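User: I am new to reading protein structures, and I would like one careful look at a single part rather than a tour of everything. Could you choose one strand, tell me what surrounds it, and then connect it to the wider picture?

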There are 2 protein chains.
Amino acid sequence: MPVHTAHKVKLSDLGEFGLIDLLKKQAGSSFSGIRGIGDDTAVVPLSSKKHMLLTTDMLLEGVHFTLKMPARAIGHKAIASSISDIAAMGGIPKHALVSLGAPPSCPWTVISQIYQGMQRTAKKFRIGIVGGDTVKSKKIIVNVGLVGEARKEDVIYRSGARIGDQVFVTGPLGRSLSSGWHLRFAPRVNEAQYLVRKHKPTAMIDISDGLAADLGHVLSESRVGAVIEERSIPRRQKAHLKEVLYDGEDFELLFTLPSSAAQKLEKQNKSKYRFYRIGEIVPKNKGLRLKTSDGRLKKLTIKGYTHF
Amino acid sequence: MPVHTAHKVKLSDLGEFGLIDLLKKQAGSSFSGIRGIGDDTAVVPLSSKKHMLLTTDMLLEGVHFTLKMPARAIGHKAIASSISDIAAMGGIPKHALVSLGAPPSCPWTVISQIYQGMQRTAKKFRIGIVGGDTVKSKKIIVNVGLVGEARKEDVIYRSGARIGDQVFVTGPLGRSLSSGWHLRFAPRVNEAQYLVRKHKPTAMIDISDGLAADLGHVLSESRVGAVIEERSIPRRQKAHLKEVLYDGEDFELLFTLPSSAAQKLEKQNKSKYRFYRIGEIVPKNKGLRLKTSDGRLKKLTIKGYTHF
């Protein structure tokens, strides 16, 4: 944007991704680590063999949840969305920090149940909730910071997809909000570890902003295009195509494999995890296209859930 | 509290420390790490020689700051209060995660300046802001998660104060809010490192809830009492005794040293750091007492800034 009008710019003019881009530019060299702000997860060296992975997610009452939802489910979602970020990088979640804002009039049972939901999920993944902060606020705020680790060779970025790679997802997409899936989804830590150790994905991401937007992140970071097949994309509850492409909060993994590895995976696909081949990586100038059920190729716009 | 009335209990009935106590009890064994929620900083093993330190702080518009304050100072405070927590444990801050909530109508310049303030302070302490989250909210929210590290032998807990130890602080107390100190304070990382390496404090904490409350934390964790001397406590801007004891947000270190180490420190006290001896650790049954300027001993109530 022109510098002389910058002071008039509001966040709603920028959108979430615009804001993140500007923050990245402003940050410049003061950001350490291998990956910076705006990525799902930051990666910093931990030892000669391991990387540390760091991510944070903030959920707000009235924006991401309401108190009509079960409080335990809110707690689950708050930590599970961060677990999903760590999983998508090939990492194992380890330690969580929880900041909690709540009004003085808030019943203790609500807070207690939010924590119970968080603890149950933390326990399932052997995560320690090691610290936190509590503050007074008008609405409930839950912020989870999550620290994980990964063997250096296991870390997978968004930028590794290559022309000819096959595109997969780990489960059905669309209607996450209306079906309540966004409150009870299981972060794909085990699936990601299986993939990382047995099949070496070239790129991986979790679908939080919607298939089109998150595949879009992979394409732009990898400087490639893709064709996805309408018929091949698994759908939740007969979701419409638009819901499948743009709804968001599916928290399934999207990953790419070279075609030989893809064949091997599909042969082993009667094991305990399910993987769905939905398309192929193509040259960048082809952009992102959908092969419709009647065989036409349709250009897709890369948009998704945005927060501003 | 009796179980049958628990569902009627509001956070305002519990107070901040009551809430933290209940969360700790509920958490039970699901908390990993050496220290748990409610402490300034969590400590988890990192390698055979090092511990990882983790802390998080949430600042809210209308509670901890207003937009009448300089936006850069808000950013400084958001990260500096976490840096202070890590410093007080004997650690070096390394990586920060920043979650930001803001209304769509918020000018970009406000967010930009909050980040600039944060980055300047991060840079000064060689901290990388490695990741973050941005969400839509009614008021501005800044959450900083901070990861640090320390040599195992350098980590200092609140629980190590012993009878006969001398109590010190690193600077003047009181009137932090009215003087604006809370927006520009320098976290005592260097002072803490000097102390840890040269003088081995037995206990250390940063004063955020007020001298009486934070010394109170040390006394209860160490199972001891203390006498502090009205005349010896350094004051900011001729603060009244009540302000010195209860104001909070001083962000100075409070630490204890065995008397031989205290003598050594006072001899070296013409070096680049200033330390003020303010009292002595006594048996637990004596509680916390103040020796007034006219020589009387007065029992102090351990209260401080609470958030609910």
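**A strand and its surroundings**

Analyst: A good place to begin is B:Pro93, which stands opposite B:Gly148 in strand 5 of chain B. This is a predicted model, and the description that follows should be read with that in mind.

The bridge between those two residues belongs to a longer pairing, for strand 3 (residues 92-102) of chain B and strand 5 of chain B run antiparallel and are joined by 9 bridges. Strand 5 of chain B also pairs with strand 2 (residues 50-60) of chain B, again in the antiparallel sense, and here the pairing extends over 11 bridges. Within this second pairing you can look for B:Met52, whose bridge partner in strand 5 of chain B is B:Glu149. Strand 5 of chain B covers residues 141-151, and because 9 of its 11 residues are buried, it is largely enclosed by the rest of the structure.

One residue of that strand, B:Val142, leads us to the nonpolar core. The largest such core has 180 residues, and those touching the most other members are A:Ala96, A:Val142, A:Leu254, B:Ala96, B:Val142 and B:Leu254. If we follow B:Ala96 and set aside its neighbours within four places in sequence, its contacts are B:Ile79, B:Ala122, B:Ile127, B:Ile129, B:Val130, B:Val144, B:Gly145 and B:Leu146.

From here we can widen the view to the two chains, whose contact takes 65 residues from chain A and 65 residues from chain B. On the side of chain A that touches chain B, several elements give two or more residues, among them strand 2 (50-60), strand 3 and strand 5 (141-151) of chain A. Helix 1 of chain A gives the most to that side, with 10 residues. Sorted by class, the residues on this side of chain A are 32 nonpolar, 26 polar and 7 charged.

Finally, there is a contact inside chain A to compare by eye. The domain assignment divides chain A into domain 1 (1-31), domain 2 (39-153) and domain 3 (157-299). Between domain 2 of chain A and domain 3 of chain A, 16 residues of the former are in contact with 15 residues of the latter. On the domain 2 side, the elements giving two or more residues are helix 2 (71-88) and strand 3 (92-102) of chain A, and helix 2 of chain A provides the largest share, 10 residues. That side of domain 2 of chain A has 9 nonpolar, 4 polar and 3 charged residues.

Methods
Residues numbered from 1 in each chain as written. Chains lettered and ligands numbered in written order. Predicted model: local features only at pLDDT ≥ 70, side-chain atom pairs only at ≥ 80, totals over all residues. Core = buried A, V, L, I, M, F, W, Y, C linked by C-beta atoms within 7 Å. Buried ≥ 20, exposed ≤ 12 C-beta atoms within 10 Å, placed from the backbone. Contact = placed C-beta atoms within 7 Å. Domains from an automatic or database assignment. Helix = DSSP H or I, 4+ residues; strand = E, 2+ residues; numbered from the N terminus. Nonpolar A, V, L, I, M, F, W, Y, C, P; charged D, E, K, R; others polar. Pairing = 2+ DSSP bridges.
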